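Me: Please take a close look at the sheets of this model, at how their strands are ordered and paired, and at selected residues around them. A single connected account would be preferred.

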Amino acid sequence: MISFEPKELETPKLHGYLLSAVAPRPIAFASTIDENGNPNLSPFSFFNVFSANPPILIFSPARRVRGNTTKHTLENAEVTKEVVINVVNYNLVHQASLSSTEYAQGVNEFEKAGLTMLKSDLVKPFRVAESPVQMECKVKEIIKLGTEGGAGNLIICEVVKMHIDEAILNEAGSIDQNKLDLVARAGGSYYSRAKSGFFEIPKPLSTRGIGVDALPEVIKKSRILTGNDLGMLGNVEALPDMASIEAFSKEHNVSEWSEEEKHKKAQAFLSEGDVTAAFCVLLA
C-alpha cells in the first residue's frame, strides 16, 4: 500500500483520491437566487441527509482549488438563507452536468441546461420541474471549514416542504427505487446509476458549453431527443462548421432522410458519444 499524510500531497491530488475513494455520492441539485432575484442552479456531490426530525440536509460547495474563489450557490445561500434541493435521476443527468459549467454571475443555468423553473411554495428559489423529488429548504447555518482552495462550506438546510412525483411511488405510497432511478457521483468523470452501475460524462470544466438555450429551435423542439440528449448537445464549445456538415451529409446521404429519421439517427450517435456526428445529422 502507499501511505501518506494529507499535508504531504497537493490539494488536487488529495481531492482526486478522496472523491474516488468515497463514492458513489448522492447529488444535491441546488437552486438558489441572488440578492437581485437572479436564479442559479448547480449540482454538488458533497451531500446527504442527516436528520428526519427535524428534516436536515447538508451539502458543501467547496472553495475552488484554482483561484480559491467561492461559488455562486454559497454566496446566494449566505444572503437569502434559502435553497431548493432537487434530486438527480438518470433522465436529467446530462443536463445537471451541463449546469455545473462555471457560467458568469447572473447567467441562468436553468436556461443553459434546458430545464424548467417551477415556482416554489415557501421559498423564493425555483424548483427543477423535471426532478422527481424537490425539497424546499431554509438555511439554518453555514459552517466554513477553511479559507484555502478546496475547503468545504457546510450548508445546513431544514426541509420546509417536499414535492414527490406520484409516478415514482409504489402501491403502498412509498418511493420505488427502480422508478426513481437515481444517479450518484464518483471520481473523475464517473457517475453511478443506482440500478445498473457506472458510466461516464465528460466534465464541462475546461470550456463553457454553449448551452441548450443556444441550440437551433429545430433541435430544442425535437419530439425525439430527450433532455439528456439536449444536455450532451449543449455541452460543446461551438457548432460544427458548414464544411464539415456538408461533407458528412454527402457521405451519408442525409438529404434522403426524413426529419424524424434524422433525429433518431442523431440520438443513436449520441448514445455512442459521437456528438459531432449527431450535430452534422441534425444541421444538414
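Reply: Two strands are said to pair if DSSP finds at least two bridges between them. The model discussed here is predicted.

With that criterion in hand, the smaller set of strands may be taken up. Strand 10 and strand 11, the latter spanning residues 190–193, are joined in the antiparallel sense by 3 bridges. Within this pairing, V183 has R193 of strand 11 as its bridge partner. These strands belong to an open sheet of 3 strands, arranged in the order 10-11-12 with antiparallel pairing. Strand 10 (183–185) and strand 12 (197–200) occupy the edges, and each has a single partner strand, so one side of each is left without a neighbour in the sheet. From one strand to the next, the twist averages 35 degrees. As a general point, the strands of a sheet pair through backbone hydrogen bonds, in either a parallel or an antiparallel manner.

The other sheet to consider is also open, and it comprises 7 strands in the order 2-1-5-8-9-4-3, with antiparallel pairing. Its edges are formed by strand 2 (39–44) and strand 3 (47–52), each of which pairs on one side only. Neighbouring strands in this sheet are turned against each other by 30 degrees on average, with direction ignored. At one end of the order, strand 1 (residues 28–33) runs antiparallel to strand 2, and 6 bridges join the two. One position in this pairing can be named: A28 stands opposite F44 in strand 2.

F44 also leads to a residue outside the strands. S60 is placed in the loop between strand 4 (55–59) and helix 2 (72–80). Apart from its neighbours within four places in sequence, S60 is in contact with F44, F46, G152, N153 and L154. The relative accessibility of S60 is 7%, and because buried means under 20%, S60 counts as buried.

A residue in a helix offers a further case. Y17 lies in helix 1, which covers residues 11–21. Its relative accessibility is 34%; Y17 therefore counts as partly exposed, a class that lies between the limits of 20% and 50%. Together with I2 and F4, Y17 makes a nonpolar surface patch of about 290 Å².

In summary, F44 connects two parts of this account: F44 is the residue opposite A28, and F44 is among the contacts of the buried S60.

How values were computed:
Residues numbered from 1 in each chain as written. Predicted model: local features only at pLDDT ≥ 70, side-chain atom pairs only at ≥ 80, totals over all residues. Heavy atoms only, no water. Patch = residues over 30% accessible without salt bridge, like charges linked within 9 Å, V, L, I, M, F, W, Y side chains within 5 Å. Areas by Shrake-Rupley, 256 points an atom, 1.4 Å probe, with all protein chains shown as cover. Salt bridge = Lys/Arg side-chain N within 4 Å of Asp/Glu carboxyl O. Helix = DSSP H or I, 4+ residues; strand = E, 2+ residues; numbered from the N terminus. Buried < 20%, exposed > 50% of the residue type's maximum accessible area, 1.4 Å probe, protein only. Axes fitted to C-alpha atoms, helices over the stretch in contact; angles between N-to-C directions. Contact = heavy atoms within 4.5 Å.
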